[in-house]
Amino acid sequence: ISFCRLPFQKKKSSDEVNYSAEVSQSIAQLGYLMKVPSSQVKIQICKCVISFYNMELPGKLLSGYQPASANYKIQMAEVAGLAKTLLLSLALVENQLTEKLWVLKALQHLSISGENCRLMMKAQAASRLCLYLNGADPSGQLVFRSSDILWNLLENTSKEEVVNQLSSLECVYALKEVFVDLLMHGFRHRDRQLRNDFLVFATLLAENPAAPMIESGFAKLLIVLATFTEVKLPNPLVKGFKLTYSYEDFEMKKLLFHVIGVFSKDPSAAQLLSENDVMPALLYYVKPNQKPGFQDWSAAQYEELQLHAIAVLASVAPVLVDKYLSCQANTLLLVFLEWCVGQDPFFGQGNSFHGTGGRGNKLAQMRYSLRVMRSVVSLYDDAVNLNLCDQGAISQLLGVLKYAANKSKEKEDAILLEIQADTLFILSVLCENDLHRKELFSYEGVDILIPFIQMDLKKLCSGLGHNCLFLSALDCLWSCVIGCCIAEDYFIEKQGIFLLLDLLALVEKNLCNIILGILVEFCDNPKTTLHISTWRGKKDQTAAKLLIQLWRQEELDLGVRRDQYGRIVDFKRPIATSFQKQQKIIPMPANCPSFAIMEISESIRAKIYSLFCKLGFENLPGLSAKDLITLAIIQHYIDFKVGEIWSEICAELKEEFRPVTSDEEALEIFSKVSEDTGRMVAALQTQVLADQDFQEIKEEAKTYKKIQATRTQRDMINKSWKNFLARTSNYEALKVRTLMQQKI
């Protein structure tokens with residue numbers, strides 16, 4: 001076995017390939033020798049395997065031979081499956097500590113390779129290693145080497161597969177015992193590092209719903225450990241543990257906060273989070289940063305913990321709403337936000353992931369506080385929203401929005417845009433369906449909203465978040481302004497309708513639906529129609545013409561059949577899209593909308609029709625004959641839609657059964673009415689074309705008469721000029737002209 005530590009010798013370079021089968025078999029046999037009941041043999045085999053990774057050349061080289069390449073044995077060990085064999089041999093040395101440590105040391109080296117890790121995973125490496133963790137080992141090498149192999153398995157194979165192998169109750173108990181032992185009795189630097197490694201393993205297990213973290217008590221231990229320094233309540237689970245405020249303990253604190261965020265996604269862990277004071281512990285950090293919370297944390301460390309805790313609070317708060325309210329979290333957040341926009345001297349370190357963009361300011365604190373508020377208002381819980389509004393949240397949020405908007409004028413970045421978008425969303429939720437809150441928003445809120453609507457649309461593709469901000473502003477306009485006469489009138493007075501129409505003329509199709517929906521809602525205000533009629537776009541374009549153009553483009557995108565002039569082609573289904581025509585008839589329950597109904601919400605045509613119902617269909621300025629042809633379809637949109645729905649009903653009935661005679665006659669009448677409407681509109685469109693042709697002929701004749709009159713006038717001028725020339729250049733002609741004048 002000792003000789004196997006030496007490199008193989010080769011005559012030719014091709015020998016490595018030619019003898020690969022024999023070499024791999026010999027290395028495999030080396031692994032099988034682990035069955036020999038001799039400690040010296042087992043240790044020597046492990047030393048031999050380790051030597052593959054630190055090859056030493058012999059003192060004398062054989063004449064005519066040269067050593068094989070340095071990685072040759074490592075490659076052959078992979079082919080031979082040596083890693084799997086050594087892993088299985090752990091069962092043979094279960095009660096022999098020295099041999100077990102040598103096997104683990106060999107596996108440490110072998111697990112550097114991805115191929116070896118895959119072989120080991122097939123032999124359940126993760127679960128096997130876990131089961132040997134708690135053996136007696138004064139040196140601590142057993143835990144260290146096992147954790148190193150587990151790390152290699154995680155890095156070189158599927159993380160999910162490793163976690164699944166560790167998710168048995170026995171493995172979780174083993175990991176918990178090792179963690180507790182390192183927590184309570186690990187005083188060395190490397191012990192704390194190893195403890196943090198096992199905390200990472202625990203976090204990965206917590207992300208797996210199948211892992212029995214709660215049943216084993218591991219989840220409760222981690223939650224108590226994460227909160228005991230903030231709530232300062234004695235707990236037997238952590239009795240005797242003292243935080244040293246070393247760098248490793250700082251890292252452990254961050255990992256514990258992270259694991260709380262993971263548990264917040266598991267509904268079965270909600271009770272544990274509630275019972276162990278997670279909410280008060282996290283809210284401990286929602287306070288002004290005048291000085292570090294614990295005297296042993298540096299200012300940068302405390303800020304990082306603070307931001308991490310508030311970030312985790314955004315995940316925990318929606319799960320523990322009752323605790324959130326009982327701890328007066330809204331009050332703490334509003335006070336904290338007031339400090340964020342205040343002039344108190346504070347210079348953030350901005351060193352951590354959560355502190356991005358927060359160096360020298362309080363933007364990071366503001367950002368995560370608003371995230372917490374957003375997460376709870378997203379629940380649409382009346383108690384939470386009422387509690388916020390009763391404390392003046394609307395006016396304070398408007399102040400935050402104004403502060404962030406002013407900062408953005410100096411320098412726009414993703415964090416400021418996110419702050420503004422989140423604030424607008426919170427205001428939207430708070431003011432929706434509540435008239436009093438909309439009145440509180442009205443004047444100041446509209447003044448802040450207008451610049452967002454005037455945003456340069458080129459910025460929407462910047463990647464910084466302008467698109468989210470723009471959509472949040474439109475949502476806020478819909479929720480906070482529409483439905484309140486005071487806010488609506490002020491928005492209209494600030495030329496808001498003109499701004500929306502300007503946007504409609506510029507924006508892409510995916511935003512048209514939202515803007516048209518807002519305009520439809522505004523049309524309930526009598527002042528809106530006048531503003532829409534007054535608006536003019538480029539080349540003196542009217543709102544009616546713009547809406548008709550949008551309609552035509554929508555029908556083109558939907559594949560609605562029209563002839564070259566835009567007239568109806570299919571009288572039975574005049575407005576059906578190509579997608580609707582491709583769908584087979586599927587009988588559906590009464591509470592499920594059909595394709596014809598769903599198309600109303602997905603398409604902009606229904607909104608354009610609604611706007612024309614407010615504007616009227618007659619005496620609209622600036623429309624061409626082509627526009628009038630399209631307008632005729634728009635005017636009868638609801639009739640065609642009703643016909644579509646009756647057609648679907650008829651088709652569904654015939655799929656299921658034959659209607660009685662009276663019902664069949666009624667369905668035929670409905671179908672005929674729809675078809676007759678289509679023919680009538682088509683005839684009207686044809687008449688519009690005929691009128692256009694007649695008008696063009698009339699205009700042509702009028703133009704011809706003008707040309708003819710111009711030609712006659714020119715001839716008369718030419719004749720007069722010739723006479724003048726004759727008088728001035730020919731004396732006889734002048735005498736004749738003089739005699740004629742005397743006779744006259």
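**Salt bridges, packed helices and buried residues**

Reader: What makes D489 and K527 a salt bridge?

Author: The closest N and O atoms of D489 and K527 are 3.7 Å apart. The cut-off is a side-chain nitrogen of Lys or Arg within 4 Å of a carboxyl oxygen of Asp or Glu, so this pair counts. Bear in mind that we're looking at a predicted model.

Reader: Why can you say that the pair ties together parts that are apart in sequence?

Author: D489 sits in helix α26 (residues 485-493) and K527 in helix α29 (residues 526-534), so the bridge ties together parts that are 38 residues apart in sequence.

Reader: And why is D489 called partly exposed?

Author: Its relative accessible area is 26%. Buried means under 20% and exposed means over 50%, so D489 falls in between. K527 has 44%, so it's partly exposed as well.

Reader: How do you know that D627 forms a salt bridge with R552?

Author: Here the closest N and O atoms are 3.0 Å apart. That is within 4 Å, so the pair meets the rule. D627 belongs to helix α34 (residues 625-635) and R552 to helix α30, which makes this a link between distant parts of the chain, 75 residues apart.

Reader: Why does D627 count as buried?

Author: D627 has a relative accessibility of 1%, which is under the 20% mark, so "buried" is the right word. Its partner R552 comes out at 23%, so that one is partly exposed.

Reader: What about R118 and E115, why do their side chains meet in a salt bridge?

Author: The distance from N to O is 3.5 Å, and the limit is 4 Å, so they qualify. Both lie in helix α7 (residues 114-122), 3 residues apart, which is about one turn of the helix. R118 has a relative accessible area of 43%, so it's partly exposed. E115, at 35%, gets that label too.

Reader: How many salt bridges does the count come to?

Author: The count comes to 28. Some of them join up: E555, R562, E599, R605, K641 and E644 are linked in a network.

Reader: Which residues of α32 meet α35?

Author: On the α32 side you'll find F595, A596, I597, E599 and I600. They meet Y637, K641, E644, I645 and E648 of α35. By class that's 6 nonpolar residues, 4 charged ones and no polar ones. E599, K641 and E644 turn up in this contact, and they belong to the salt-bridge network too. As for geometry, the axes of α32 (residues 595-602) and α35 (residues 637-656) come within 9 Å and cross at roughly 145°.

Reader: How do α27 and α30 pack?

Author: Helix α27 (residues 496-506) and helix α30 (residues 543-558) have axes 11 Å apart, at an angle of about 35°. L501, L504 and A505 of α27 touch A543, L546, L547 and L550 of α30.

Reader: What makes that contact nonpolar, by class?

Author: It has 7 nonpolar residues, with no polar and no charged ones. Leu and Ala both count as nonpolar, so the residues just named fit that tally.

Reader: And why is the crossing of α27 and α30 called left-handed?

Author: That word is used when the near helix is turned anticlockwise from the far one by less than a right angle, so left-handed is the label for α27 and α30.

Reader: Back to α26, which of its residues are buried?

Author: A487, E488, Y490, F491 and I492 are. What covers them includes α24 (435-453), α25 (466-480), α27, α28 (509-522) and α29. After α26 comes Q495, with a positive phi near 65°.

Reader: Why does Q306 count as buried?

Author: Q306 has 0% relative accessibility, and buried means under 20%, so the label fits. This residue is in helix α17 (residues 299-316). Leaving aside neighbours within four places in sequence, Q306 is in contact with Y285, K287, N289, F336 and Q365.

Reader: What does L255 touch?

Author: Not counting residues up to four places away in sequence, L255 touches N196, L199, V200 and T203. L255 is found in helix α14 (residues 247-263).

Reader: Finally, how is the protein divided?

Author: There's domain 1 (1-165), domain 2 (168-275) and domain 3 (543-694). The C-alpha centres of domain 1 and domain 3 lie 75 Å apart.

How values were computed. Residues are numbered from 1 along each chain as its sequence is written. This is a predicted model: local features need pLDDT of at least 70, side-chain atom pairs count only at pLDDT 80 or more; totals for chains, interfaces and linings use all residues. Side-chain values use heavy atoms; hydrogens and water are left out. Domain bounds come from an automatic or database domain assignment. Axes are lines fitted to C-alpha atoms, for helices over the stretch in contact, and angles run from 0 to 180 degrees between N-to-C directions. Helices (H or I, at least four residues) and strands (E, at least two) are DSSP runs, numbered from the N terminus. Contact means heavy atoms within 4.5 Å. Buried means under 20% relative accessible area, exposed over 50%, partly exposed in between (1.4 Å probe, protein chains only).
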